[in-house]
Amino acid sequence: MSVPSVLKCVICGKEFDPSTAPYTCDACGLDGTLDVLYDYALLRKSMDRAALKADPTPSLWRYEAVLPVLRRESIPSLQVGWTPLYSAERLAAKYGVKELFVKDDGRNPTGSLKDRASAVGVAKALDFGRNVVACSSTGNAASSLSGFAAVMGMQSTIFVPEQAPQAKVTQLLVYGATVVLVKGDYADAFRLATAAIDKFGWYNRNCAINPYLVEGKKTCAMEIAEQLGWDVPDKVFISVGDGCCIGGLYKGFSDLMELGLIDRMPAIIGVQAEGSKPIHDAFKSGAQRVTFTKAETLADSISVGSPRNWAKALRAVRKTGGDMITVTDQEILSAIPELARSTGVFGEPAGATAFAGFRKAAQSGILKEADRVAIVVTGNGLKDIVNAQKSVGKAITVGPDLEELERELKKR
Ligand SMILES: Cc1ncc(COP(=O)(O)O)c(C=O)c1O
Ligand SMILES: [Zn+2]
């Protein structure tokens with residue numbers, strides 16, 4: 001638990017006093033998302049490698065010294081973070097890199113990396129004495145928020161596009177959220193949620209608006225670094241929709257630099273779907289801003305034509321010497337079983353997208369033999385079985401008859 005020293009606009013650098021609880025920069029509007037900064041010189045004295053090594057906390061709260069929560073009672077009891085980081089040796093050999101690590105964030109309590117943000121978001125709401133939380137989301141942030149609100153006895157109102165996968169909508173309903181299915185896409189859900197939050201005064205969990213949410217997401221990067229004994233990978237791949245997760249990776253690694261816990265930043269590589277690639281396009285054209293487009297991809301979590309945290313996303317890639325890659329829906333689909341069959345990690349389409357991007361980078365010669373690479377699988381495969389089914393063959397159906405089984409097996 002830490003009191004942030006300042007909130008700073010990622011675009012113009014204007015600083016805000018955290019106690020005034022602003023969401024975004026008043027000069028830059030919604031584009032001006034804020035960084036949460038701390039007194040790193042002070043924190044360096046207590047947050048060192050030895051202290052972390054001795055800390056048995058198996059969750060993101062092991063980094064509480066750099067998390068902006070003020071009261072211990074605000075922390076939800078659900079266990080979030082400290083997800084496994086697997087070494088995928090077969091894939092590393094196949095794609096010609098020294099090491100490949102797979103961070104399985106689908107193992108979080110509601111099945112996605114978004115739980116890191118919700119844990120902090122709900123705690124901040126309670127810090128501020130707020131009892132009703134709301135957000136718009138492509139699906140996972142929503143199901144995550146509703147789970148965390150439920151465990152803390154809070155109310156949640158959630159806006160998702162009408163086409164969000166059934167599993168995610170079902171999670172919301174099971175957790176007891178008030179669920180609003182918005183006829184339209186994520187941009188429509190975002191607009192309606194923003195207006196409603198404004199009107200009804202709920203606490204806003206939108207990750208691209210509320211500065212504290214990326215603080216939760218940054219812990220994914222901190223864990224990767226710590227799990228690798230502070231010897232960070234050369235490159236980290238992650239899928240990109242709104243830009244908060246990739247912005248979180250950057251913030252996590254840069255906080256670790258400020259704390260002197262790591263000595264270099266990995267190159268951060270964002271992966272977008274061909275049909276939804278506004279951040280990729282802005283990066284490649286050298287634009288200062290992102291131009292909003294339509295979005296069309298089966299990877300619902302990254303089907304975002306109007307990314308709200310584009311400034312943090314572009315910074316993550318540009319400042320680390322990273323890159324942006326696009327993959328087709330077909331490449332996303334084929335990545336799902338390949339990743340699952342070689343690592344045991346079953347990702348939802350947006351989760352397997354990071355692997356699809358890694359594979360494409362390896363095949364196009366962008367990666368070096370000496371590279372140590374990590375990919376973040378951001379969401380669990382059971383979130384969207386309809387698309388997962390498109391990526392695999394059919395089961396064998398037989399009667400309880402050994403001869404029939406033998407005949408069918410021979411056909412394979
Ligand atoms: C599974 C999964 N992967 C990736 C993303 C993309 O994250 P962001 O929108 O922060 O770029 C999301 C966001 O919903 C997600 O749920
Ligand atoms: Zn600003």
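Let's start with one helix: the buried residues of α6 pack against α5, β7 (155-161) and β8 (178-182). Contact here means C-beta atoms, placed from the backbone, within 7 Å of each other. Helices (H or I, at least four residues) and strands (E, at least two) are DSSP runs, numbered from the N terminus. Keep in mind that this is a predicted model, where local features need pLDDT of at least 70, side-chain atom pairs count only at pLDDT 80 or more, and totals for chains, interfaces and linings use all residues. Residues are numbered from 1 along each chain as its sequence is written, while chains are lettered from A and ligands numbered from 1 in the order in which they are written.

So who is tucked away in α6 (residues 166-174)? Lys168, Val169, Gln171 and Leu172 are buried, that is, with 20 or more other C-beta atoms within 10 Å of their own (exposed means 12 or fewer, partly exposed in between; C-beta atoms are placed from the backbone). They sit on the same side of α6 because they cover an arc of only 155° around the axis, taken from the directions from the helix axis to the C-beta atoms. Exposed Gln166, Thr170 and Val174 are on the face turned away from the buried side of α6. After α6 comes Gly176, with a positive phi near 90°.

Now for ligand 1. Its surroundings comprise 20 residues, with Gly241, Asp242, Cys244, Thr378 and Gly379 the closest; a residue counts as near if its C-beta atom, placed from the backbone, lies within 6 Å. Helix α9 gives the most to this shell, with three residues.

Zooming out, the protein chain has 15 helices and 13 strands, and 54% of its 412 residues are buried.

Terms used. Contact = placed C-beta atoms within 7 Å.
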